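Biologist: Could we go through the salt bridges of this model together, with the reasoning behind each answer spelled out?

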Amino acid sequence: MRAGRVFAYGAAAGLLGDHLLGDPRRGHPVAVFGRAAAAVEKVLWRDHRGWGALHTTVCAGSAVALGAVAESCLRRSRAASVALTAAATWAVVGGTSLAREARAVGRALESGDVEAARARLPHLCGRDPQALDADGIARAVVESVAENTSDAVVGALVWGAIGGVPGLVGFRAVNTLDAMVGHKSARYRRYGWASARLDDVAGWPGARLTAVLAAVAGGEPRGAVRAWRADAGRHPSPNAGPVEASFAGALGVRLGGTLSYGGRVEHRPVLNRAGRSVAVRDIERAVRLSKRVGLLALGVSAAARLMVKGRTS
């Protein structure tokens, strides 16, 4: 039972820390990991899947090992273990930063300053902002809030419940590597293959829990489930599909469609075709739904950890 309580108390404290403090402007642990991973890439890069898999193993494996060593060293002290879990949770979740950036774009759109919104959008996603009008920017923000609720909050809590501190830091390491090398550019099509596939596997449980909780916490549970079942499988991402479809149904809006990444145009399936077009006001609705989902995910993850550890103690 002790390990379950350590995670429950530590994760709650870490999520509260994220709510109160957000991410630091400098010296964030994830940024430090990113610089280390980039240094490893300089040494290992070859246009080959095997070398990319080695890069993934070295970087993600080192993060997990560091978390395991820290957890083991502090295991005898409950207070220290809770503090370590809280620090790790604060470091890997990013709900407050996600909400702050989404609302910044929303405020710019509400004031009619589309250029300011375009300038801010890259803080949230990799879309080409110059190709988007105000409604397109709003849709991109809602989709980013949905996807990052899973990646930046729920997925980390799920893996924390499964593996404690090593699970927390390991998930964030894998997610960060995917963002760095997992995209299908000429440089990373083969080298980033392992990172992208590992991120798909690691993100699977968090994405499904996010979709379920969005249906529970949203205003249209039946619509969320209906959109998830009908449309998620048509999305090119196995994890973003359920999350975005469930958010679309819960908010009563349409997501997906034509978008542009770095000059490359993609025609994605429409999610929740029966919904209306995204409006600027839906950005705030999506942020509030994201926060509710994060709190529910904390409760579910902590309860699951307590039950499992209670049975094994």
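The exchange below concerns salt bridges in a predicted model.

Biologist: How many salt bridges does a search of the whole structure find?
Modeller: The model is a predicted one, and the search covers the whole structure rather than a part of it. The number of salt bridges found is 11.

Biologist: How many residues apart in sequence are the parts that the pair Glu41 and Arg187 ties together?
Modeller: The side chains of Glu41 and Arg187 meet in a salt bridge, with N to O at 3.0 Å. Glu41 lies in helix 2 (residues 29-44), whereas Arg187 lies in the loop between helix 7 (134-181) and helix 8 (193-217), so the parts tied together are separated in sequence by 146 residues.

Biologist: Is Glu41 buried or exposed?
Modeller: Buried means under 20% relative accessible area. The relative accessible area of Glu41 is 8%, and its partner Arg187, at 37% relative accessibility, counts as partly exposed. Glu41 is therefore classed, by that cut-off, as buried.

Biologist: Which residue forms a salt bridge with Arg118?
Modeller: The closest N and O atoms of this pair are 2.5 Å apart. Both residues belong to helix 6 (residues 114-120) and, because they are three residues apart, are separated by about one helical turn. Arg118 counts as buried at 16% relative accessibility, while the partner, which counts as partly exposed at 46%, is Glu115.

Technical notes. Residues numbered from 1 in each chain as written. Predicted model: local features only at pLDDT ≥ 70, side-chain atom pairs only at ≥ 80, totals over all residues. Heavy atoms only, no water. Salt bridge = Lys/Arg side-chain N within 4 Å of Asp/Glu carboxyl O. Helix = DSSP H or I, 4+ residues; strand = E, 2+ residues; numbered from the N terminus. Buried < 20%, exposed > 50% of the residue type's maximum accessible area, 1.4 Å probe, protein only.
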